[in-house]
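Here are a few exercises to try with the model open in your viewer. Have a go at each task before reading its solution.

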Amino acid sequence: MDNKTCKVNKKCGGCQLVHMPYREQLEYKQKKLEGLLSPFCRVEKIIGMAEPYYYRNKVQTAYFYDYKRKKNACGVFQSGSGRIIQTDACLIENKMAGEIAESVRALCDSFKLRAYDERKGFGFLRHVLIRCGYNTGEIMVVLVTATPVFPSKNNFVKALLKKHPDITTIVQNINPDSIPLTLSPRSKTLYGRGYIEDTLCEMKFRISPESFYQVNPAQCEILYKKAMEYADLTGNETVFDSYCGTGTIGLIASKNAKQVLGVELNKSAVKDAVSNAKINGVNNIYFLCGDAGEIGESMAKEGEHFDVVIMDPPRAGATEKFLKSLIKMKSERIVYVSCNPETLARDLGILTEKAYEVKAIQGVDMFPHTKHIETVVQLIHK
């Protein structure tokens, strides 16, 4: 495989390993996993990508006004500083999304719409979020603006669709907040349905502007299939999907489970999860909005039991309260999906101290050219 080079790698900082041949990146990640997790169990060889480029199906492009050249410019936020690094291409972002982002920049110039200037508190466009359906090909463009007033809105939308007729929906998100790359709850659909759909593991998922959806669906499907293998469902099990997000893993598990409970703290994610269950005609899953630790603790006190627990916590890992509730519930199997091997190792230490034994560990390279690693672990009750 040819190793591609990035012109702004040192300035951007988003792809920490792009200078390494991909084979060496996988070796680096394998060694990291083995260093942290081999005390618990043998670590299987990490699953890499056949084509580890242009995989990000969620692309966020920042815009600024270049006063010297008197025109708009776009690029990516520098990791850690918030500065915008000007670039017209990224090795890990969907190519079509990059082309659309550049078209938005050019159209803003022709329509005399300036990018927002944080220091002067003046301008229109903050950033653009583009989501692409990996299997459906549907495309969403979210124009994040500092003001609700959108001069020549209809003509702008027509011009963008003329350049990119494959766009499925266009949304304006009005966000006066100064925090970079954030969305506000205030959106207006300018074209289409205001959302797109994609399929993952033979199930359909609705993706709205603020929805959480894995940015690398090809590798995500591999990850989730491995998680289902470790869950070892026969159709008779009750499943607790903690940190369930928009219900992705729980809905996939529901095909081979008796009943699934999904718990998630984010209200909008729970709303999406309920919608996704309806879209797929799934009636053996239900969702609770709340903290996984508090709900888990409450269920453990009441003597609730689940045959299988699936957990996919944030980078900070699971809370101690939740881990203690798992130990009390004595589920037969736990499937731990992790995006941070350091916090995973910490949590496995707690779970294996008395109650559980690690049976399998599999790394999946969801984010080539970066240091991030996804891991799925199978634990069996002692």
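**Exercise 1.** In this predicted model, find which residues of helix 4 (residues 153–163) are buried, and work out how they are arranged around the axis.

*Solution.*
- Step 1: Apply the cut-off, under 20% relative accessible area for buried. In helix 4, this picks out F156, V157, L160 and L161.
- Step 2: Look at their directions from the axis. These buried residues lie on the same side of helix 4, because the arc they cover is only 130°.
- Step 3: Recall the general pattern. An α-helix has 3.6 residues a turn, so residues three or four places apart point the same way.
- Step 4: Turn to the opposite face. Away from the buried side, helix 4 carries the exposed residues N154, K158 and K162.
- Step 5: Ask what lies over the buried side. The cover for the buried residues of helix 4 includes helix 3 (95–110) and strand 6 (139–145), as well as strand 7 (169–174) and strand 8 (187–191).

**Exercise 2.** Compare the span of helix 5 (residues 217–231) with the expected value, then list its buried residues and inspect what follows it.

*Solution.*
- Step 1: Take the span from the first C-alpha to the last, which is 20 Å for the 15 residues of helix 5.
- Step 2: Set this beside the expectation at 1.5 Å a residue: the span of helix 5 is close to the expected 21 Å.
- Step 3: Check burial. In helix 5 the buried residues are P217, Q219, C220, L223, Y224, K226, A227, M228, Y230 and A231.
- Step 4: Step past the end of the helix. D232 follows helix 5 and has a positive phi, near 55°.

**Exercise 3.** Locate C201 and E202, and decide for each one whether it is buried or exposed.

*Solution.*
- Step 1: Place C201 in the loop between strand 9 (196–200) and strand 10 (203–207). The loop between strand 9 and strand 10 also holds E202.
- Step 2: Read the backbone angles. C201 is not a glycine, yet its phi is positive, about 50°. E202, not a glycine either, has a positive phi of about 65°.
- Step 3: Judge C201. Its relative accessible area is 6%, so C201 is buried.
- Step 4: Judge E202. Its relative accessibility is 78%, so E202 counts as exposed.

**Exercise 4.** Find where K301 sits, and how far its C-alpha is from that of T238.

*Solution.*
- Step 1: K301 belongs to helix 8 (residues 292–301).
- Step 2: With 65% relative accessibility, K301 counts as exposed.
- Step 3: K301 and T238 are 63 residues apart along the chain, and their C-alpha atoms are separated by 18 Å.

Conventions
Residues are numbered from 1 along each chain as its sequence is written. This is a predicted model: local features need pLDDT of at least 70, side-chain atom pairs count only at pLDDT 80 or more; totals for chains, interfaces and linings use all residues. Side-chain values use heavy atoms; hydrogens and water are left out. Helices (H or I, at least four residues) and strands (E, at least two) are DSSP runs, numbered from the N terminus. The expected span of a helix is 1.5 Å times one less than its number of residues. Buried means under 20% relative accessible area, exposed over 50%, partly exposed in between (1.4 Å probe, protein chains only). The arc is that of the directions from the helix axis to the C-beta atoms. Contact means heavy atoms within 4.5 Å.
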